[in-house]
Amino acid sequence: MRIPQTTIYAKSAGVEIAPHEKRGTGRPAEGRIALRFFRMESGASSIRFVAEPAEAFELYRKIHKVFREGGKETLTHRFDGSEGEVSTRLTIERYDRGGRPGFAFAVQRGEEDVNVPVSGERFLYAGEFLRHLSLAQAWIEPERSVGE
């Protein structure tokens, strides 16, 4: 079975975008999209940002807006973890350094953050990939009857 996935590498970090399944006790599985941010250092932990299909589409729109107009856009998730509320912020941005434009994906959770600078082409490709997965992952596993 082939799984659609793309990984964008920078000098010291990267982001992997792939389909994901949300499974809950007593609930049917649902499609999601996972963005896994990582550092290239040995033993470094990664931060995973799991988006619903509609959120992935929203990210696609934000990527195109930032590409055209500049600035930055964010998407924040909050959930209850073992040590209280956990907040994860995903940011996409266009910046200008030394007269040269650049783009980046960044994620922050607590004191940890990972920043992945990318070219304009890879930035737009990630957006299109998110758009594709937003449709492909819009599913829910049907409940099974006893005896199936």
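A pocket, as the word is used here, is an open set of grid points with protein on both sides within 12 Å along at least five of seven lines, and its lining residues are those with an atom within 4 Å of a point. Keep that in mind as we walk through this predicted model; we will come back to the pocket at the end.

Let's start with the overall layout. The protein has 2 helices and 8 strands, and reading from the N terminus the elements follow the pattern β-β-β-β-α-β-β-β-β-α. Its C-alpha trace spans about 65 × 35 × 25 Å along the principal axes. Of its 148 residues, 39% count as buried. If you take the contacts between residues at least 6 apart in sequence, 44% of them join residues at least 24 apart.

Now to the sheets. One of them is open and antiparallel, with 4 strands in the order E1-E2-E3-E4. Strand E1 (6-9) and E4 each have a single partner strand, so each has one side without a neighbour in the sheet. From one strand to the next, the twist in this sheet averages 30°. Strands of a sheet pair through backbone hydrogen bonds, either parallel or antiparallel. Here, E1 and E2 run antiparallel and are joined by 4 bridges; Thr7, for example, has Glu16 in E2 as its bridge partner.

Another open sheet has 4 strands in the order E5-E6-E7-E8, and its pairing is antiparallel too. The edges are formed by E5 and strand E8 (112-118), each of which pairs on one side only. In this sheet the twist averages 15° from one strand to the next. Inside it, strand E6 (residues 84-97) and strand E7 (residues 100-109) run antiparallel and are joined by 10 bridges.

With the sheets in place, where do the helices go? Helix H1 (residues 53-69) lies across E5, E6 and E7, and runs at about 155° to E5. Helix H2 (residues 120-136) lies across E6, E7 and E8, at about 45° to E7. H2 also lies across E1, E2 and strand E3 (27-39), running at about 10° to E2. Helix H2 therefore has a place against strands of each sheet: E1, E2 and E3, as well as E6, E7 and E8.

For a close-up, pick out Phe67, which lies in helix H1. Is this residue buried, partly exposed or exposed? Its relative accessibility is 29%, and because buried means under 20% and exposed over 50%, Phe67 counts as partly exposed. Leaving aside residues up to four places away in sequence, Phe67 touches Arg94, Phe103, Gly120, Phe123 and Leu124. Take Arg94: the two C-alpha atoms are 6.7 Å apart in space, although Phe67 and Arg94 are 27 residues apart in sequence. Arg94 in turn stands opposite Phe103 in E7, and Phe103 is another of the residues that Phe67 touches.

Finally, back to the pocket. The largest one holds about 270 Å³ of space. Its lining consists of His20, Lys22, Arg32, Arg48, Val50, Glu52, Glu55, His77, Arg78, Phe79 and Arg109. By type, these residues divide into 2 nonpolar, 2 polar and 7 charged. Which elements supply at least two residues each? They are strand E2 (13-24), strand E4 (47-51) and strand E5 (71-81), and E5 gives the most, with 3 residues.

How values were computed: Residues numbered from 1 in each chain as written. Predicted model: local features only at pLDDT ≥ 70, side-chain atom pairs only at ≥ 80, totals over all residues. Heavy atoms only, no water. 1 Å grid on protein atoms, 1.4 Å probe; cavity = no way out; pocket = protein on both sides within 12 Å on 5 of 7 lines; lining within 4 Å. Points joined across faces, edges and corners; volume = space filled by probe spheres on them. Nonpolar A, V, L, I, M, F, W, Y, C, P; charged D, E, K, R; others polar. Pairing = 2+ DSSP bridges. Axes fitted to C-alpha atoms, helices over the stretch in contact; angles between N-to-C directions. Contact = heavy atoms within 4.5 Å. Buried < 20%, exposed > 50% of the residue type's maximum accessible area, 1.4 Å probe, protein only.
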